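Let's take a relaxed walk through a protein model. Have a look at the sequence and the structure below, and then we'll go through some of the details together.

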Amino acid sequence: AERTSAQLWALFVQLVQARLRIVLALSPVGPSLRGRLRNFPSLVNCCTVDWFAPWPKEALASVAAAFLDDPSTGLPPGLPTAALTAALCSAHETAQRASASALRFSKLSVHVTPTRYLELLKTFANLLKARREALDKRKSRYDGGLEKLASTAEQVAAMSIELTELQPKLRVLQSEADDLLLVIKRDSAEAEKTRALVEAEETAALAQAASAEAIKDECTAELASAEPALAAASKALATLKKEDIVEVRIFKTPPMGVKLTMEAVCIMLQVPPSKAPKAKLGGDEGDEISVSNLYWEPARKQLAAGIKFLDRLLAYDKDNIPQATVDKIELFLARAGSDFSQEKIRTVNKACEGLCLWVRAMVEYDTVAKVVRPKRERLAKAEAEYLQVSIALAAKKEQLAAVERELSTLQATLDATQARQADLQAQVADCETRLERARRLVGGLGGEADRWEATAMRLGAEYSNLVGDAFIAASFVTYLGPHAPNIRLACAGEWTFLCKRLDLPCSAVANELQRQREEREGKEEAARQTARRPSDSRRPSVAASAAAAAAAAVAVPAGQQTGAAPFSPAATFSLSFSLAEVLGDPLQTSEWSADGLPKDQLSVENALMLQTARRWPLLIDPQGQAIRWICAKERRAARARPPPSSIGIVSTTAIATASSSGGKALPSLPSLASAGGLLSLTPTDLELGRALELALEFGGAVLVEGLGESLDSSLLHLCQTLVNPTAPGEPRAAGLLPDEQGAGKRVRRSTLRVGEEVVEISPEFRLYLSTRLTHPHYAPEVATFVTLLNFAVTREGLEEQLLGVLVGAERPELEADKARLLADNAANARALADVEARILTVLSSSRGSILDDATGVEVLSASKRLSDEIVAKQRMAVTTGLALDSARLAYASVAARAATVFFAVSDLPALSPTYHFSLAWFATLFEKAIDKAPRESSNGGGGGGGGGNQHGRSGVPVGAGVGAAGGA
């Protein structure tokens with residue numbers, strides 16, 4: 001049966017009650033948990049409370065070992081997993097002790113959670129991979145450049161030898177070519193004479209040939225008149241058959257036409273008639289018949305041959321008919337008259353008609369041949385003469401051909417010699433060109449080889465020490481951001497000793513060992529050069545001192561582990577780790593200094609951690625110096641790009657404008673983001689979420705300043721879900737997915753929900769968070785997902801700033817020169833780095849020999865000239881800087897005393913919370929004190945502790961000046 005809706009609902013409720021599980025994760029830090037428990041007692045009565053204590057060392061070790069063994073992390077094989085696991089665990093424990101020490105001595109609450117430990121593992125992996133790739137790429141470029149320079153230097157010697165060997169060969173070929181030219185010139189003159197003679201004889205022969213040809217044409221034309229009759233006769237004979245011949249032969253009493261025809265044929269064939277009684281010749285018909293009858297029997301005998309008879313007629317020699325035969329046939333024709341015509345003979349017999357045509361054609365041809373015969377004789381004579389001339393002409397032509405063949409051979413030899421000469425000349429020219437390029441290249445870049453070799457060796461040493469350096473740097477970035485310099489120094493020192501104890505390669509340890517080695521070698525060299533002296537048994541030996549130092553070094557961490565104050569400022573370490581040496585770039589540091597970053601170690605470390613950490617930075621900036629630096633840095637970044645609009649820093653008035661217009665859009669944000677500018681916001685801005693949404697979509701930097709000890713939900717969600725894309729190991733564009741072939745094309749960008757909107761994340765988005773609180777206490781859920789950086793002013797940085805204020809007031813031109821010098825140094829360093837990168841790129845990207853690339857050599861030469869100019873400027877800048885520092889040093893004691901006053905004032909809140917003074921207030925007070933201080937006399941009046949100088953008024957004690965200004 002079907003269930004009702006009530007039954008289905010009851011079943012649903014039953015399943016929910018049976019299977020629903022609710023997990024509440026609450027932080028015990030702060031008053032929020034106590035307040036919730038008081039307001040909701042069921043949280044204790046109806047829940048199973050599971051209090052998670054900090055991870056034990058075993059858990060830390062297992063997580064680290066699993067992470068290091070995971071192939072998906074992309075870590076290189078062959079890492080010392082056991083040592084790294086122990087080091088990572090110890091780093092986390094050291095951070096916990098440092099946090100406790102900071103809370104006890106500085107009232108600074110820093111939470112070291114397991115999430116930070118996981119962040120340490122990811123940072124280590126990303127930093128190790130990124131640094132390996134960067135160092136390998138840089139070292140490969142330097143090695144490639146050195147290899148090109150070395151090969152070029154080797155080619156210089158080889159090309160010099162080759163050029164020396166080519167010069168004699170070129171001279172020999174030149175001599176051979178000159179000799180051949182003389183021979184060809186002489187033989188060419190002889191050949192021209194022979195050619196002229198042959199041409200004259202050929203002209204005469206051609207004239208004779210033309211005359212003979214004319215005679216031949218005339219004969220042919222006259223003989224052509226008899227050709228139709230001959231053709232007709234031949235055609236008629238060709239139509240006769242054996243039966244036709246037999247038909248004529250079988251006549252017993254042949255007709256008159258047959259008799260006449262056969263008589264004519266016998267006359268032409270010179271067949272005599274039969275013997276008979278002497279006939280009477282009187283011209284009557286009886287006589288004619290008697291004569292014809294005499295030829296019938298011989299004719300029948302001829303006809304008996306059949307086809308052979310016809311062949312004899314066809315082969316008749318018509319050109320050599322005897323004259324007697326011609327006379328007889330003419331008498332016959334005269335006697336026969338019209339009875340021997342074709343028409344009459346046709347009526348008698350068909351075969352006889354063809355024979356009649358043949359006889360008449362032979363007679364007609366003989367008549368024409370008698371006319372042509374003299375001409376034929378002249379033709380034969382002319383042809384004989386032409387033959388003799390042709391033979392002589394052929395001999396002359398053969399002689400000319402032999403000469404021309406010899407000339408061709410000589411010319412071919414000359415061409416081959418000249419080709420070899422041209423090839424050698426090209427080789428010499430190419431060798432000279434390449435040698436000149438090599439000399440320019442070696443001469444121009446030869447000085448760079450030593451520096452590149454030293455740099456390559458340094459990079460190789462950094463690469464070999466990368467595991468320990470990456471471990472210390474990752475620990476530094478993950479844990480030490482909010483701590484003071486003394487705690488940072490103590491932690492870094494402990495981690496350095498840890499690397500030494502665990503045999504993890506580390507730059508600090510390697511540098512210390514190198515220093516000790518050099519010191520020992522120096523002492524040994526000094527001992528060899530010094531006369532032997534009696535040993536002093538009371539003085540400990542070098543080995544004993546080294547052993548004592550090693551024992552003291554090992555004893556420091558051991559003492560810390562037993563509960564002694566591990567991070568006392570009095571603790572010192574001989575092994576000093578420098579984050580700037582591992583992660584820093586001198587060029588970038590100089591640019592940061594030009595942007596206003598204080599030069600003290602704390603500020604430089606904070607800047608390095610800001611760009612290295614995966615989590616967005618939250619700056620503890622009581623004096624506002626970090627905000628000023630970030631604003632200047634983003635302005636410079638905006639100027640470096642081609643911005644569509646000149647927006648630098650946008651205040652919150654744009655937010656107010658957008659809010660008053662209904663909150664539809666912030667018109668300045670897209671152009672600002674594309675320009676790479678900085679949007680300055682505060683947590684109280686009504687359009688904070690909208691501004692973040694547009695900045696995420698269009699890119700750009702966002703600065704949220706004035707934060708308290710809690711974050712807005714939109715900011716907290718952003719920090720939890722989005723990491724810094726510029727951190728090592730992270731893609732430059734956040735969330736970009738590679739295509740199917742892995743080519744890294746932009747298939748789609750990752751998205752993020754901001755409020756009720758889902759926006760795509762621009763790869764140019766950057767986020768900075770800042771608070772003015774001196775010792776803020778951020779809950780673990782906040783501190784875990786941001787990178788806390790303590791930008792509180794240090795004595796070193798404050799003295800530098802106050803010195804700048806003092807010098808700017810007393811000698812403004814000196815401070816202006818100093819500021820300009822800083823900017824020029826940064827620009828020159830950037831230009832020099834660009835030039836070196838261009839040189840190395842050209843050297844490493846060239847295929848084959850760099851000497852074959854004329855454009856590349858020109859680029860290298862121009863780059864080297866520019867590099868020399870920049871180096872010269874840098875040397876001048878160093879000299880100028882020393883002079884400026886020497887001049888500014890006269891005011892250093894005043895700045896030091898002023899810094900002492902500021903730190904004394906900044907400690908007053910420990911007495912009462914009403915005593916809070918900003919650095920800006922103190923700087924203004926300091927400027928007033930400078931203005932009110934009386935000018936020092938020229939003979940050097942009251943110096944105030946040695947701080948006086950003859951150029952200004954700063955000789956008055958600073959305490960009195962500040963007090964007077966404060967009282968005013």
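Let's start with the rings. Searching the whole structure turns up 11 aromatic pairs, where rings of Phe, Tyr and Trp (its six-membered ring) pair if their centres lie within 6.5 Å. Phe902, Phe903, Phe917, Trp921 and Phe922 are joined by ring pairs into a cluster. Elsewhere a charge comes into play: Lys633 lies over the face of Trp629, 5.6 Å from the ring centre. That label requires NZ of Lys or CZ of Arg to be within 6 Å of the ring centre and within 35 degrees of the ring normal.

A word on the ground rules. This is a predicted model, where local features need pLDDT of at least 70 and side-chain atom pairs count only at pLDDT 80 or more, while totals for chains, interfaces and linings use all residues. Residues are numbered from 1 along each chain as its sequence is written, and side-chain values use heavy atoms, with hydrogens and water left out.

**The overall picture**

The protein has 34 helices and 8 strands. Both are DSSP runs numbered from the N terminus: helices are H or I with at least four residues, and strands are E with at least two. Of its 968 residues, 40% count as buried. Here buried means under 20% relative accessible area, exposed means over 50%, and partly exposed is in between (1.4 Å probe, protein chains only). Then there are contacts, meaning heavy atoms within 4.5 Å. Among contacts between residues at least 6 apart in sequence, 80% join residues at least 24 apart.

**Salt bridges**

How many salt bridges are there? The count comes to 19, taking a salt bridge as a side-chain nitrogen of Lys or Arg within 4 Å of a carboxyl oxygen of Asp or Glu. Here are some of them, with the distance between the N and O atoms.

| Salt bridge | N to O distance |
|---|---|
| Asp143 and Lys139 | 2.9 Å |
| Glu519 and Lys523 | 3.5 Å |
| Arg636 and Glu591 | 3.5 Å |

Asp143 and Lys139 both belong to helix H6 (residues 114–223), where they are 4 residues apart, about one turn of the helix. Why does that spacing suit a pair? An α-helix has 3.6 residues a turn, so residues three or four places apart point the same way. Asp143 is partly exposed because its relative accessibility is 31%, and Lys139 is partly exposed too, at 27%.

Glu519 and Lys523 sit in helix H18 (residues 507–529), again 4 residues apart, or about one turn of the helix. Glu519 has a relative accessible area of 36%, so Glu519 counts as partly exposed. Lys523 is also partly exposed, with 45%. This pair isn't on its own: Glu512, Arg515, Glu519 and Lys523 are linked in a network of salt bridges.

What about the bridge between Arg636 and Glu591, with its 3.5 Å from N to O? This pair links distant parts of the chain, with Arg636 in helix H23 (residues 625–640) and Glu591 in helix H21 (residues 586–594), 45 residues apart. Arg636 is partly exposed at 27% relative accessibility, whereas Glu591 counts as buried because its value is 11%. Glu591 has company in H21, where Leu587, Ser590, Trp592 and Ser593 are among the buried residues. After H21 comes Gly596, with a positive phi near 110°.

**A buried charge without a partner**

Now look at Asp685, in the loop between strand S3 (678–681) and helix H26 (688–698). Asp685 is buried but has no salt bridge, and the nearest side chain of opposite charge, Arg690, is 14 Å away. (Lys and Arg count as positive and Asp and Glu as negative; His and the chain ends are not counted.) A polar atom of the Asp685 side chain does lie 2.8 Å from the backbone nitrogen of Thr682.

**Two leucines and their contacts**

Leu716 is in helix H27 (residues 713–721), and counts as buried because its relative accessible area is 19%. Which residues does Leu716 contact, leaving aside neighbours within four places in sequence? They are Leu711, Glu781 and Val782. Leu716 and Glu781 are 65 residues apart along the chain, while their C-alpha atoms are separated by 8.8 Å.

Leu43 belongs to helix H3 (residues 42–45). Not counting residues up to four places away in sequence, Leu43 touches Leu24, Arg36, Leu37 and Val49. From Leu43 to Leu24 is 19 residues in sequence and 9.2 Å in space, C-alpha to C-alpha.

Key: Phe/Tyr/Trp six-rings, centres within 6.5 Å; stacked < 30°, edge-to-face > 60°. Polar contact = N/O pair within 3.5 Å; in protein donor to acceptor, adjacent residues only side chain to side chain.
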